[in-house]
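User: I am new to this structure and would like to learn how to read its features. Please take me through them step by step.

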Amino acid sequence: MRKVAIVGGGLAKFGIRNATWKELAQEAGKAVFDDVKNLAPKDIDSLFVGAAQPERFAFQTHVAPMAAEQLGIFPTRVVARTELACASGQAAIRYAWACIASGLSEIALCVGVEKMNIPNMAEAQTSMTNVLDREWDGVHGASAPPYFAMCAQRHMKEYGTTREQLALVSVKNHHFSTTNPFAQFQKEFTVEKVITGPVVAPPLTLFDCCGITDGAAAVILTSAERAKEFTDVPMYILGSGQSTIGNLVTNLKSLTTWEPLKVAAKEAFKSAKITVDDIDLAELHDCFTISEIIEYEDFGFCKKGEGGKFIEEGQSNIGGKVAVNTRGGLLGTGHPLGATGIAQAIELLQQFRGDVPKERYVKGAELGLTHNLSGAANMHSVMIYGRG
């Protein structure tokens with residue numbers, strides 16, 4: 001199997017965009033070709049499109065050929081759309097990685113696109129309930145906010161996690177997103193503002209939740225042998241892990257320990273031949289504030305039950321044990337489902353290059369990970385990256 005690298009990335013602005021699905025794909029596509037020197041559209045032999053619900057949000061299926069047309073490319077090896085709900089973007093990278101590692105592809109483009117803001121917000125929210133089991137969970141109102149609120153309530157009861165500790169995750173990530181011109185939200189938050197915000201599902205307020213977001217992101221992958229043709233600082237894919245267990249909320253073993261995350265993380269570290277202590281940067285899936293706290297624990301950055309203390313002590317900030325969500329996370333930048341996993345990879349690439357604002361630059365970072373959960377946190381995907 002060949003070693004694989006990401007050699008460039010490009011973003012469309014995240015937010016409530018007066019742009020179509022096609023236009024978002026075009027923006028990210030132009031940005032990635034602008035970023036990668038010595039690469040022409042004719043060089044791309046494979047295309048992977050991360051898109052979770054284009055049928056519901058954009059009334060369009062068969063989006064991979066449409067994206068190729070919009071990007072002016074003519075793939076000859078592999079063309080595919082990847083759907084894994086909130087992890088659809090990372091899934092696109094994973095499949096491109098496998099194809100290049102096996103020799104099936106030489107140069108692949110991954111583009112993740114989601115157009116989620118439609119005229120009727122109730123319709124958009126209804127579409128999101130389809131991510132959980134529609135017949136058993138969705139019809140009872142178990143969409144993402146009430147599910148993660150239950151996780152928060154249980155974590156507070158079992159481990160004494162405080163409301164203020166949850167809010168600190170939002171404060172940190174919104175601070176970082178003020179340094180990110182592609183982020184949906186550009187304002188600083190305080191603990192008081194988060195706690196006193198409009199209640200969505202107790203204890204979670206509006207500012208504990210990521211937004212409904214339009215956006216797109218794209219990266220180019222090729223073999224390690226060819227990476228230096230396109231960049232002086234490639235980012236190598238060193239390992240990965242992915243795991244799922246159960247689906248229905250009632251069948252999950254625990255609301256506060258996400259076993260498939262522990263399994264996926266263990267496999268990712270093993271395949272990369274590193275430990276959690278080697279990680280300098282982590283882009284974690286903070287769809288809700290409680291998510292990031294549980295992820296600190298289940299990755300092993302801290303002991304079980306001490307995630308609240310971890311954020312309180314600044315261990316997930318720059319200068320702490322590991323810098324988490326320096327681009328602003330999902331809370332600060334928004335969460336266009338198909339684009340998020342790719343945007344996370346771009347943040348690590350730019351950190352390794354030193355191409356981020358000094359306010360969020362992690363000097364000397366060599367190893368990072370990206371993580372996405374999907375569904376009722378019953379599916380987890382992890383990738384480990386290293387600076388070339």
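Analyst: What follows covers burial, salt bridges, aromatic pairs and a charged patch.

Analyst: This is a predicted model, in which local features need pLDDT of at least 70, side-chain atom pairs count only at pLDDT 80 or more, and totals for chains, interfaces and linings use all residues. Residues are numbered from 1 along each chain as its sequence is written, and side-chain values use heavy atoms, with hydrogens and water left out.

User: How do I read burial, and how many residues of α11 are buried?

Analyst: Buried means under 20% relative accessible area, exposed means over 50%, and partly exposed lies in between (1.4 Å probe, protein chains only). Helices such as α11 are DSSP runs of H or I with at least four residues, strands are runs of E with at least two, and both are numbered from the N terminus. In α11, 11 of the 11 residues are buried, so this helix is largely enclosed by the rest of the structure. Among them are Ile 290, Glu 292, Tyr 296 and Asp 298. Just after α11, Gly 300 takes a positive phi of about 100°.

User: α11 has charged residues too. Which residue forms a salt bridge with Asp 298?

Analyst: A salt bridge is a side-chain nitrogen of Lys or Arg within 4 Å of a carboxyl oxygen of Asp or Glu. By this rule there are 18 salt bridges. The partner of Asp 298 is Lys 304, with the closest N and O atoms 2.9 Å apart. Asp 298 is buried at 6% relative accessibility, whereas Lys 304 is partly exposed at 31%.

User: Where does the salt bridge between Lys 172 and Glu 292 sit in the chain?

Analyst: Their side chains meet at 3.0 Å, N to O. This pair links distant parts of the chain, with Lys 172 in helix α7 (residues 163–177) and Glu 292 in helix α11, 120 residues apart. Lys 172 is buried, with a relative accessible area of 5%, and Glu 292 is buried at 0%.

User: Which residues are linked with Glu 106 in a network of salt bridges?

Analyst: The network links Arg 2, Glu 106, Arg 226 and Glu 229. Within it, the side chains of Glu 106 and Arg 226 meet at 3.7 Å, N to O. Glu 106 lies in the loop between α4 (88–102) and β4 (107–114), and Arg 226 lies in helix α9 (residues 224–227). Glu 106 is partly exposed at 22% relative accessibility, and Arg 226 is partly exposed at 26%.

User: How do I read aromatic pairs, and how many are found in the whole structure?

Analyst: A pair of aromatic rings is described by the distance of the centres and the angle of the planes. Rings of Phe, Tyr and Trp (its six-membered ring) pair if their centres lie within 6.5 Å; planes under 30 degrees apart count as stacked, over 60 as edge-to-face and the rest as tilted. A search of the whole structure finds 7 such pairs. One of them is Tyr 296 with Phe 310, tilted at 4.9 Å centre to centre and 55° between the planes. Tyr 296 is in helix α11 (residues 289–299) and Phe 310 is in helix α12, 14 residues apart. Both Tyr 296 and Phe 310 are buried. Phe 299 and Phe 301 have ring centres 5.9 Å apart and planes at 35°, so their pair is tilted. Ring pairs also link Tyr 147, Phe 148, Trp 258 and Phe 288 into a cluster.

User: Which residues form the negative surface patch?

Analyst: Patches are made of residues with over 30% relative accessible area and no salt bridge; like charges are joined within 9 Å, and nonpolar side chains (Val, Leu, Ile, Met, Phe, Trp, Tyr) within 5 Å. Lys and Arg count as positive and Asp and Glu as negative, while His and the chain ends are not counted. Here the negative patch is formed by Glu 164, Glu 306, Glu 312 and Glu 313. Glu 313 lies in the loop between α12 (307–312) and β10 (323–324), and is partly exposed at 48% relative accessibility.

Terms used. Accessible areas come from the Shrake-Rupley method with a 1.4 Å probe; for residues, only the protein chains shown count as cover. The place of a charge is taken as NZ of Lys, CZ of Arg, CG of Asp or CD of Glu.
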